[in-house]
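Colleague: Could you take a close look at the salt bridges for me, and at what lies around them? A connected account would suit me better than a list.

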Amino acid sequence: MAILIAALLATGCSTMPGNSAESATDTKTAAKTAAPVSKVGPGMNERGEVVDAKLVEAGYGQTVKGLNDYEGEITGKPAPRSKFTKLKIGMSLKQVLDLAGQPTDQGAHITGKAFIPFYFGSDRYRYETVYKGSGRLIFAGAAGFDSNAHLIWIIHSANEGGYR
């Protein structure tokens, strides 16, 4: 009796919608013919330019590896004559300020990693600098008890108002 029930259940599952080889082939064909989805992030337009830097989210830019194997992101397109084109992911805050000059506005905030007990790794705090007409630069705090910060994200925005 148990064998009969198992056989009925097995044949019933293979006839359910979505379980046939035909539907799998149809799904693959539909995926190939579907138009590619463009990756336009919040605060950005279709050309990849940042129109509102306050709304930009990580993951919509180009991921790069910079100095000393720092990984970071570059979002948007540089403004004409932007000082940001000289910058490289992984530069220290002091190096960046020497190249880009003093920002219009700046500030810091802690991240969720700051609340992990006995965590002495990097990115426990973020430091942000804003440059009117150029964009924003985001720095991550160094590991351990070091107070240095390194550039991890460049947001190019010719529309940047200059304040956080």
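Modeller: I start with the salt bridge between the side chains of Asp123 and Lys113, where N and O are 3.7 Å apart; bear in mind that the model is predicted. Both residues lie in the loop between β3 and β4, so this pair ties together parts that are 10 residues apart in sequence. Asp123 counts as buried because its relative accessible area, 12%, is under 20%. Lys113, at 33%, is partly exposed.

The count of salt bridges comes to eight. One of the others joins the side chains of Glu128 and Arg136, with an N to O distance of 2.7 Å. Glu128 and Arg136 are both buried. Glu128 also meets Arg164, and here the closest N and O atoms are 3.2 Å apart. That second contact links distant parts of the chain, since Glu128 is in strand β4 and Arg164 in the segment after β6, 36 residues apart. The relative accessible area of Glu128 is 13%, so this residue is buried, while Arg164 has 41% and is partly exposed. Through shared partners, the salt bridges of Glu128, Arg136, Glu160 and Arg164 make one network.

Strand β4 belongs to an open sheet of six strands with mixed pairing, in the order β1-β2-β6-β5-β4-β3. The edges are β1 (62-65) and β3 (105-110), each of which pairs on one side only. From one strand to the next, the twist averages 25°. At the β1 edge, β1 and β2 (residues 71-75) pair in the antiparallel sense over four bridges, and Val64 stands opposite Gly72 in β2.

Strand β4 also takes part in aromatic contacts. The count of aromatic pairs is two. In one of them, Phe84 and Tyr131 meet edge-to-face, 5.4 Å centre to centre and with 85° between the planes. This pair links distant parts of the chain: Tyr131 is in β4 (residues 125-131) and Phe84 in the loop between β2 and α3 (93-100), 47 residues apart. Phe84 is buried at 2% relative accessibility, and Tyr131 is buried at 6%. Tyr127 and Phe139 form a tilted pair, with 6.4 Å between the centres and 55° between the planes. Here strand β4 supplies Tyr127 and strand β5 supplies Phe139, 12 residues apart. Phe139 is buried, with 0% relative accessibility; Tyr127 has 19% and also counts as buried, because the limit is under 20%.

Back in the loop between β3 and β4 is Phe118. Its phi is positive, near 60°, although the residue is not a glycine. Most residues other than glycine have a negative phi. Phe118 is exposed, with a relative accessible area of 75%. Together with Phe120 and Phe145, Phe118 makes a nonpolar surface patch of about 460 Å². Phe145 comes from the loop between β5 (135-141) and β6 (149-156) and is exposed at 76% relative accessibility.

Arg81, too, has a positive phi, about 60°, without being a glycine. Arg81 lies in the loop between β2 and α3, and at 81% relative accessibility it counts as exposed.

Definitions and conventions. Residues are numbered from 1 along each chain as its sequence is written. This is a predicted model: local features need pLDDT of at least 70, side-chain atom pairs count only at pLDDT 80 or more; totals for chains, interfaces and linings use all residues. Side-chain values use heavy atoms; hydrogens and water are left out. Patches are made of residues with over 30% relative accessible area and no salt bridge: like charges are joined within 9 Å, nonpolar side chains (Val, Leu, Ile, Met, Phe, Trp, Tyr) within 5 Å. Accessible areas come from the Shrake-Rupley method with a 1.4 Å probe; for residues, only the protein chains shown count as cover. A salt bridge is a side-chain nitrogen of Lys or Arg within 4 Å of a carboxyl oxygen of Asp or Glu. Helices (H or I, at least four residues) and strands (E, at least two) are DSSP runs, numbered from the N terminus. Buried means under 20% relative accessible area, exposed over 50%, partly exposed in between (1.4 Å probe, protein chains only). Two strands pair if DSSP finds at least two bridges between them. Axes are lines fitted to C-alpha atoms, for helices over the stretch in contact, and angles run from 0 to 180 degrees between N-to-C directions. Rings of Phe, Tyr and Trp (its six-membered ring) pair if their centres lie within 6.5 Å; planes under 30 degrees apart count as stacked, over 60 as edge-to-face and the rest as tilted.
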